[in-house]
Amino acid sequence: IRRPPRSTPLYSSAASDVYKRQALVDLVTGRALSIGDLFLPESPWIETVTILAERDLASQFGEGVIWGAEGSDTSQVKGPGLISKPEAFAVFGISVNALILRFERQQVGPGALGTPGVQIPWSWLGGLVDPNGPAGFFAS
């Protein structure tokens, strides 16, 4: 189940930012899921997801635009950039065809990018997704 995001606008004299929260909940346990719950514990899922997200973002915005990507200009970095840590992928969703990732404004690139998103087809994550986990059915 996906709870609709709640938005809280924060205003400043320069611009406004919108922060969103969402939660995916395991209907059996009632526990909120993290992105790591989708994957096999010892698999290199975080590195793979980071590489695939970087490729998708580069195809949308151009090479060198995404902070943390190889060859990017990090002189004006305000966010953490695209890093290989689960917290970088805190806003995610599951569809029948893909893992959906969303990034906060200025998390992975300049504010002009807005809140970028990527979709990674399950077929690209073969062998990494836990077959008994929440996304196992879609990735099989």
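**View 1. An open sheet of 3 strands, in the order β3-β4-β5**. In this predicted model, the strands of the sheet pair in antiparallel fashion. β3 and β5 sit at the edges with a single partner strand each, so one side of each has no neighbour in the sheet. From one strand to the next, the twist averages 20°.

**View 2. The hairpin of β3 and β4**. Here you can follow the chain through the 3 residues that lie between the two strands. Strand β3 covers residues 91-94, and 4 bridges join it to β4, with the two running antiparallel. To find your bearings, look for Phe92, which stands opposite Leu101 in β4.

**View 3. The pairing of β4 with β5**. These antiparallel strands are joined by 5 bridges. A handy pair to pick out is Ala98 and its bridge partner in β5, Pro121.

**View 4. Helix α1 lying across β4 and β5**. The helix runs at about 125° to β5. α1 (45-61), β4 (98-102) and β5 (117-121) are the elements that give two or more residues to the largest nonpolar core. Of these, α1 gives the most, with 6 residues.

**View 5. The largest nonpolar core, with 28 residues**. Phe39, Phe89, Leu99, Leu101 and Leu125 have the most contacts inside this core. Let's zoom in on one of them. Leaving aside neighbours within four places in sequence, Phe89 is in contact with Ile35, Ile46, Val49, Thr50, Ala53, Leu82, Ile83, Leu101 and Phe103. Leu101 may look familiar from the hairpin view, where Phe92 stands opposite it.

Methods. Residues are numbered from 1 along each chain as its sequence is written. This is a predicted model: local features need pLDDT of at least 70, side-chain atom pairs count only at pLDDT 80 or more; totals for chains, interfaces and linings use all residues. Side-chain values use heavy atoms; hydrogens and water are left out. A nonpolar core is a set of buried Ala, Val, Leu, Ile, Met, Phe, Trp, Tyr and Cys residues joined through side-chain atoms within 4.5 Å. Buried means under 20% relative accessible area, exposed over 50%, partly exposed in between (1.4 Å probe, protein chains only). Helices (H or I, at least four residues) and strands (E, at least two) are DSSP runs, numbered from the N terminus. Contact means heavy atoms within 4.5 Å. Two strands pair if DSSP finds at least two bridges between them. Axes are lines fitted to C-alpha atoms, for helices over the stretch in contact, and angles run from 0 to 180 degrees between N-to-C directions.
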